[in-house]
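Trainee: I'd like a close look at a single part of this one. Could you pick a residue, take me through its surroundings, and then work outwards from there?

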Amino acid sequence: GGKGKGKGGKGKGGAKAGSSAVTIEPHRHAGIFVGKTTKESSLLTKNLTPGEAVYGEKRMSVGEGDDKVEYRVWNPFRSKIAAAVLGGVDDIWICPGAKVLYLGAASGTTVSHVADIVGPTGTVYAVEFSYRSGRDLINMAKKRTNVVPIVEDARRPEKYRMLVPMVDVIFADVAQPDQTRIVAHNAHSFLRNGGHFVIS
């Protein structure tokens, strides 16, 4: 064993053999994929910034040269949305091209996958009140141009009304007892008619 470990660690013979050992299929939720190896299957999102991990997550590639596409493994133990998708939730409403207001963005690990899903035609407006987490969020957003980081209190949507247009989806993970009120307040300001919200 041990051959080819330096080239992505996918078994013997390095990258070529490794990339053919991975099969990638679209998940029923648009913008999410399932990667299968002989040993396991994982949820994936298509990496918006190929060649770079956000938080040390595993990456998988298929194809060669200009046709090469890189995916990032989405760990359900680190992301409530990934856990919901794995658990069979009917819809997360987050899809390619969507405008998403993400409340409680923390340091942006899940936000980075949401940014992968909405892709270059979508936008994620990521609100986080903690300065420490906000710093990581801002650094992640420097690479992912479809993420707008907002270090503000989600209880006060008037503070960021100049930055956020009407959105298709609000996702909330603010871990506050008044989370429902916070979502309602933001929905009143930013959720389009016929839009959706997801509370974790």
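**Threonine 110 and its surroundings**

Mentor: Let's start with threonine 110, which counts as buried because its relative accessibility is 7%, and the cut-off for that label is under 20%. Keep in mind as we go that this is a predicted model.

Where does threonine 110 sit? Its place is in helix α3. That helix covers residues 109-118, and 10 of its 10 residues are buried, so α3 is largely enclosed by the rest of the structure. If you want to tick them off in your viewer, the buried residues of α3 are Thr109, Thr110, Val111, Ser112, His113, Val114, Ala115, Asp116, Ile117 and Val118. Just past the end of α3 you'll meet glycine 119, with a positive phi of about 70°.

Now for the company that threonine 110 keeps. Setting aside neighbours within four places in sequence, threonine 110 is in contact with Trp74, Arg78, Ser79, Ile81 and Tyr102. With one of these, serine 79, there is a polar contact from side chain to side chain, at 3.1 Å.

Another name on that contact list, Tyr102, leads us on to the aromatic rings. How many aromatic pairs does the structure hold? There are 3. In one of them, tyrosine 102 partners phenylalanine 171; the pair is tilted, with 4.8 Å from centre to centre and 55° between the planes. Tyrosine 102 belongs to strand β6 (residues 99-103) and phenylalanine 171 to strand β9 (residues 167-172), so this pair ties together parts that are 69 residues apart in sequence. Are these two buried or exposed? Both tyrosine 102 and phenylalanine 171 are buried.

A stacked pair is there too: tyrosine 160 with phenylalanine 190, at 5.7 Å centre to centre and 20° between the planes. Tyrosine 160 lies in the loop between β8 (147-150) and β9, while phenylalanine 190 is in helix α5 (residues 179-190), so here the parts tied together are 30 residues apart in sequence. Again, both tyrosine 160 and phenylalanine 190 are buried.

Let's finish with the sheet. It's an open one made of 5 strands, in the order β1-β2-β3-β5-β4, and the pairing is antiparallel. Why do β1 and β4 each have one side without a neighbour? Because β1 (23-26) and β4 (59-62) stand at the edges of the sheet, each with a single partner strand. On average, neighbouring strands in this sheet are turned by 40° against each other, direction ignored.

You can follow the strand partners one by one. Strand β2 (residues 32-36) and strand β3 (residues 41-46) share 5 antiparallel bridges, and a hairpin of 4 residues joins β2 to β3. Look for phenylalanine 33 facing leucine 44 in β3. Next, β3 also pairs with β5, again antiparallel, over 3 bridges; here lysine 46 has tyrosine 71 in β5 as its bridge partner. Finally, β4 pairs with strand β5 (residues 69-73) in the antiparallel sense over 4 bridges, and arginine 59 stands opposite arginine 72 in β5. What holds paired strands like these to each other? Strands of a sheet pair through backbone hydrogen bonds.

Notes. Residues are numbered from 1 along each chain as its sequence is written. This is a predicted model: local features need pLDDT of at least 70, side-chain atom pairs count only at pLDDT 80 or more; totals for chains, interfaces and linings use all residues. Side-chain values use heavy atoms; hydrogens and water are left out. Two strands pair if DSSP finds at least two bridges between them. Helices (H or I, at least four residues) and strands (E, at least two) are DSSP runs, numbered from the N terminus. Axes are lines fitted to C-alpha atoms, for helices over the stretch in contact, and angles run from 0 to 180 degrees between N-to-C directions. Rings of Phe, Tyr and Trp (its six-membered ring) pair if their centres lie within 6.5 Å; planes under 30 degrees apart count as stacked, over 60 as edge-to-face and the rest as tilted. Buried means under 20% relative accessible area, exposed over 50%, partly exposed in between (1.4 Å probe, protein chains only). A polar contact is a pair of N or O atoms within 3.5 Å; within protein, one must be able to donate a hydrogen and the other to accept it, and residues adjacent in sequence count only if both atoms are side-chain atoms. Contact means heavy atoms within 4.5 Å.
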